[in-house]
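Colleague: Please take me through the labels attached to this model, and set each value against the cut-off that lies behind it.

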Amino acid sequence: MPSNDRTHGTRAAVTSPWLVATAAALGMLAVLAFLLLRPAASNAAPATAGTVVKTAQIGLGRILVNSRGHTLYQFGKDKNGKSACAGKCATFWPPLITSGKPLAAAGARASLLGTTKRADGRMQVTYNHHPLYTFVKDTKKGQTNGEGLTAFGGKWEANSPAGTKIEKHTTPPAPGYGP
């Protein structure tokens, strides 16, 4: 016996667009999550809101490090707070990038932190007006493989908490020896 009940057909018609909309929304969320969570394509130090700069005690003395404990360097070729390291240079010496106000921790001075705009539009962290960089061959906390190197037209040196380059201390001869 045929039925005049149309609720089954109506229910299927109403449910189908709702399922399609839900599936589309979930698909968009998956794409958005992929884009937001994938690693950056550049070698630059990862950007975070409020990139942290702190200090660590190593063989050179007390130096500036990033949140992972990697040495932060200044480049002798940088002038007036602007980076002179781009392209291949930035591949070996990734700039310390931030998307917010940099934060000082563990001995770093907030009053010396700042930013400078790079040629690519990203914001690089500065300390005492020196743009900061890491070095690709520093793979562990406390390494200073870039200290004192001359590359890309300038000298690379670790930063002190005072905002100056680290000066290697040499021990003077003991009194009574030498000329």
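Colleague: What makes Phe92, Val136 and Phe152 a nonpolar surface patch?

Modeller: In this predicted model local features need pLDDT of at least 70 and side-chain atom pairs count only at pLDDT 80 or more, while totals for chains, interfaces and linings use all residues. Residues are numbered from 1 along each chain as its sequence is written, and side-chain values use heavy atoms, with hydrogens and water left out. A patch takes residues with over 30% relative accessible area and no salt bridge, joining nonpolar side chains (Val, Leu, Ile, Met, Phe, Trp, Tyr) within 5 Å and like charges within 9 Å; a salt bridge would be a side-chain nitrogen of Lys or Arg within 4 Å of a carboxyl oxygen of Asp or Glu. Phe92, Val136 and Phe152 make such a nonpolar patch of about 230 Å², an area obtained by the Shrake-Rupley method with a 1.4 Å probe, where for residues only the protein chains shown count as cover.

Colleague: Why is Val136 called partly exposed?

Modeller: Buried means under 20% relative accessible area and exposed means over 50%, with partly exposed in between (1.4 Å probe, protein chains only). Val136 has a relative accessible area of 37%, so it is partly exposed, and it belongs to the loop between S9 and S10.

Colleague: How do you know that Tyr73 and Phe135 are edge-to-face?

Modeller: Rings of Phe, Tyr and Trp (its six-membered ring) pair if their centres lie within 6.5 Å, and planes under 30 degrees apart count as stacked, over 60 as edge-to-face and the rest as tilted. The structure holds eight aromatic pairs; in one of them, Tyr73 and Phe135 have 6.4 Å from centre to centre and 80° between the planes, which fits edge-to-face. Tyr73 lies in strand S4 (residues 73-75) and Phe135 in the loop between strand S9 (130-131) and strand S10 (150-151), so the pair ties together parts that are 62 residues apart in sequence. Both Tyr73 and Phe135 are buried.

Colleague: Why is the pair of Tyr133 and Trp156 edge-to-face as well?

Modeller: The ring centres of Tyr133 and Trp156 are 5.0 Å apart and the planes stand at 85°, so this pair is edge-to-face. Tyr133 sits in the loop between S9 and S10 and Trp156 in strand S11 (residues 154-158), so parts 23 residues apart in sequence are tied together here. Tyr133 counts as buried at 0% relative accessibility, and Trp156 is buried with a relative accessible area of 0%. Tyr73, Phe75, Trp93, Tyr133, Phe135 and Trp156 together form one aromatic cluster.

Colleague: What is the order of the three strands in the open sheet, and which strands are its edges?

Modeller: The order is S4-S11-S10, with antiparallel pairing; S4 and S10 are the edge strands, as each pairs on one side only. Helices (H or I, at least four residues) and strands (E, at least two) are DSSP runs, numbered from the N terminus.

Colleague: Why do S10 and S11 count as paired?

Modeller: Two strands pair if DSSP finds at least two bridges between them, and two bridges join the antiparallel S10 and S11. Thr150 stands opposite Lys155 in S11.

Colleague: How does strand S2 pair with S6 and with S3?

Modeller: S2 (residues 52-58) pairs with S6 in the parallel sense over two bridges, and Val52 has Leu103 as its bridge partner in S6. With strand S3 (residues 61-66), S2 pairs in the antiparallel sense over six bridges, and Val53 has Asn66 as its partner in S3. A hairpin of two residues joins S2 to S3.

Colleague: Why are Asn80 and Ala106 called exposed?

Modeller: Asn80 has a relative accessible area of 79% and is therefore exposed; Ala106, at 54% relative accessibility, counts as exposed too. Neither is a glycine, yet Asn80 has a positive phi of about 55° and Ala106 one of about 40°. Asn80 lies in the loop between S4 and helix H2 (88-92), whereas Ala106 is in the loop between strand S6 (103-104) and strand S7 (113-117).

Colleague: What share of the chain's residues is buried, and what share of its contacts joins residues at least 24 apart?

Modeller: Of the 179 residues, 32% are buried. A contact means heavy atoms within 4.5 Å; among contacts between residues at least 6 apart in sequence, 67% join residues at least 24 apart. The chain has two helices and 11 strands, and it exposes about 11500 Å², of which carbon and sulfur atoms supply 61%.
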